[in-house]
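Please open the structure in your viewer and keep the sequence panel beside it. The stops below are meant to be selected in the order given.

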Amino acid sequence: MKKAILIIQCFDQKGIVAAVSQFLFKYEGNILEVDQHVDEEMGMFFMRAAWELESLSLPKEEIAERFEQEVGRPFGMEFKLHFNFPKPRMALFVSKLSHCLFDILGRHHAGQLDMEIPLVISNHPDLQPVVESFGISYVHLPVTKENKAEVEARQLELLEENRVDFIVLARYMQILSSKLIEQFPNRIINIHHSFLPAFVGAKPYHAAYERGVKIIGATAHYVTEELDAGPIIEQDVARVRHHNTIPELVQIGQDVEKVVLSKAIKYHLDRKVLVVKNKTVIFY
């Protein structure tokens, strides 16, 4: 089904929901989903509405302009209009860890993630066979201190050539430059364990084991120039016990990471994430 999705934000005031609903009723739009939220501290209203596009009597190209005239301008709205076609194109960045990559490829193959994956970029060759078995192009670009700028220039070329809409860092163990981040604002999703900043470094699960943690988890967020501090999309935790070994902690943590990252990708694909300053409103 072809859908239109409208994301709205404005100062909270009476009549917003009625005005949006009346607009869609006027042009015979069949509403499929509506979710709204009021941030009382900010005095802001947020809304996501999705409707069946083919039922609308307005041409697709005229929707935004007509909505601006009849609803957006009178209420002082900022809004974005999206459509669920064509399918978004996602590039995956990976290193050696495979659990998030395998999970995404499996969900995509099963039809759970409605998108295209034109390529996978990696600084290691290890995961090339499995990626290519899914019929996806794998580009190996080794990264060193000396060639990092050159590699990122090539990455940007590949992203443009493949018309990539957003990027997922599926445990890509490299820090992105500000230039790449600026090219994809709120369109780069990262996943990491939730021990940060308590257990930084290469072996967070070992450090957590030594401290006897009782909960481990994962965070998916948009990438900003401040490391691991971008707007959070999804989080989850799992309880662990004193008898869990380090390998068991790693497995439990990776299982959480896979689920959290797949949910974050799904929210992004469905246009259910609205970034407000350094926070997000997630429409369920």
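Begin by selecting His193, which lies in strand S9, a strand that covers residues 188–193. Bear in mind throughout that this is a predicted model. With a relative accessibility of 7%, which is under the 20% limit, His193 counts as buried.

What is His193 in contact with, once its neighbours within four places in sequence are left aside? Add Phe199, Pro204, Tyr205, Gly217, Ala218 and Glu257 to the selection, since these are the residues that His193 contacts.

Two of those residues, Tyr205 and Glu257, lead to the next stop, where Tyr205 belongs to H7 and Glu257 to H8. Show helix H7, residues 204–211, together with helix H8, residues 246–269, and you will have a pair that packs at an angle of about 120° with axes 9 Å apart. Because of that angle, H7 is oblique to H8. The crossing in which H7 passes H8 is right-handed. To display the contact itself, pick Tyr205, His206 and Tyr209 on H7, and then Ile246, Leu249, Val250, Gly253, Gln254 and Glu257 on H8. Coloured by character, the residues of this contact of H7 with H8 divide into five nonpolar, three polar and one charged.

For the last stop, turn to the cysteines. Select Cys10, which is buried because its relative accessibility is 2%, and then Cys100, which is likewise buried, with a relative accessible area of 1%. How many disulfides does a search of the whole structure find? The search finds zero, so there is no disulfide to display anywhere in the model.

Key
Residues are numbered from 1 along each chain as its sequence is written. This is a predicted model: local features need pLDDT of at least 70, side-chain atom pairs count only at pLDDT 80 or more; totals for chains, interfaces and linings use all residues. Side-chain values use heavy atoms; hydrogens and water are left out. Helices (H or I, at least four residues) and strands (E, at least two) are DSSP runs, numbered from the N terminus. Buried means under 20% relative accessible area, exposed over 50%, partly exposed in between (1.4 Å probe, protein chains only). Contact means heavy atoms within 4.5 Å. Axes are lines fitted to C-alpha atoms, for helices over the stretch in contact, and angles run from 0 to 180 degrees between N-to-C directions. Angles under 35 degrees count as roughly parallel, over 145 as roughly antiparallel, 65 to 115 as roughly perpendicular and the rest as oblique. A crossing is left-handed if the near helix is turned anticlockwise from the far one by less than a right angle, and right-handed if clockwise. Ala, Val, Leu, Ile, Met, Phe, Trp, Tyr, Cys and Pro count as nonpolar, Asp, Glu, Lys and Arg as charged, and the others, Gly among them, as polar. A disulfide is a pair of cysteine sulfur atoms within 2.5 Å.
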